[in-house]
Amino acid sequence: MILDELMEFADGLTLATATGTHTEGDNIDLGAARDIGNGSMLYLVIQVVAAVTSGGSATVEFLLASDGTATIATDGSASEHISTGAIAKADLVAGYTRVLPLPPGNGVAYERYLGLQTKVAAAALTAGSINAFIVNDVASWKAYADAQN
C-alpha cells in the first residue's frame, strides 16, 4: 500500500468531540477534475491508532463527504458518498481498520472539496486517535497458522 500525503485526512488525529457531526482533519481539494482515481478503484481506509473512549455508550459513524467550499458543511447539506454506519466505541480499539471502496468518479457528483466527517451519537468522545486516507491498493496480507499436524 502506497500512501500519498495529499490523499490523507488524518494522521494520528485525536477524536475528543461532542455529539453531532464534525469534519475531521484535512480536506482534499479536487480542483476541476472530479473523476478521482481516473477510472481506477480507490479505497477509504480508517485505522484506529489509540482506542476511542467516552463517558457513555458512544457510537461513531465515519462519512466521506464533499462540498463546494473548503469548510465542509456539517448540517447535512454536504454530499455524502460513503458511510461506515454507526460503530460502537467498544469496537474502536487500537488496530481496528475499516476499508471502504469509493464510488467511481464517473457518474458520482463529487464536489470540489473532499473530507472525512464523524457523526458522534449517545455520548461525547473523550479520547482516541485515527489515521484516515485514500489509497488505490489496500494492504490485505494476513498470516495464517501452519496447517501441519
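These exercises work through the fold, one sheet and the salt bridges of a single chain.

The model is predicted: local features need pLDDT of at least 70, side-chain atom pairs count only at pLDDT 80 or more, and totals for chains, interfaces and linings use all residues. Residues are numbered from 1 along each chain as its sequence is written, and side-chain values use heavy atoms, with hydrogens and water left out.

**Exercise 1. Describe the overall make-up of the chain.**

Step 1. Take the secondary structure. Helices (H or I, at least four residues) and strands (E, at least two) are DSSP runs, numbered from the N terminus. The chain has zero helices and nine strands.

Step 2. Check the compactness. The radius of gyration is 16 Å, close to the 15 Å that the globule rule gives for 149 residues, so the chain is as compact as a globular protein of that length. The radius is taken over C-alpha atoms, and the rule is 2.2 Å times the number of residues to the power 0.38.

Step 3. Add the dimensions. The C-alpha trace spans about 55 × 40 × 25 Å along its principal axes.

Step 4. Look at burial. Buried means under 20% relative accessible area, exposed over 50%, partly exposed in between (1.4 Å probe, protein chains only). Of the 149 residues, 38% are buried.

Step 5. Look at contacts (heavy atoms within 4.5 Å). Among contacts with a separation of 6 or more, 83% join residues 24 or more positions apart.

**Exercise 2. Work out the order of the four-stranded open sheet.**

Step 1. Set the pairing rule: two strands pair if DSSP finds at least two bridges between them.

Step 2. Start from β3 (residues 43-54). Strand β3 pairs with β9 (residues 125-135) in the antiparallel sense over nine bridges. Here Leu 44 stands opposite Ile 134, and Val 45 has Phe 133 as its bridge partner.

Step 3. Find the other neighbour. Strands β3 and β7 are also antiparallel, over five bridges. Gln 47 is matched there with Thr 97 of β7.

Step 4. Write the order: β1-β9-β3-β7, with antiparallel pairing. The edges are β1 (8-14) and β7, each pairing on one side only.

Step 5. Give the turn. Neighbouring strands are turned by 20° against each other on average, direction ignored. Axes are lines fitted to C-alpha atoms, for helices over the stretch in contact, and angles run from 0 to 180 degrees between N-to-C directions.

**Exercise 3. Find the salt bridges and say what they link.**

Step 1. Apply the rule: a side-chain nitrogen of Lys or Arg lies within 4 Å of a carboxyl oxygen of Asp or Glu. The count is two.

Step 2. Take Asp 29 and Arg 112. Their closest N and O atoms are 2.7 Å apart. Asp 29 sits in β2 (residues 20-29) and Arg 112 in the loop between β7 (97-101) and β8 (113-121), 83 residues apart. Asp 29 is partly exposed at 41%. Arg 112 is also partly exposed, at 34%.

Step 3. Take Glu 80 and Lys 119, with an N to O distance of 3.6 Å. Glu 80 is in β5 (residues 79-83) and Lys 119 in β8, so the pair ties together parts 39 residues apart in sequence. Glu 80 is partly exposed at 42%, and Lys 119 is partly exposed at 30%.

**Exercise 4. Place Ala 18.**

Step 1. Ala 18 is in the loop between β1 and β2. Its relative accessible area is 44%, partly exposed.

Step 2. Leaving out residues up to four places away in sequence, Ala 18 touches Val 120 and Ala 124.

Step 3. Ala 18 and Lys 119 are 101 residues apart in sequence and 9.5 Å apart in space, C-alpha to C-alpha.
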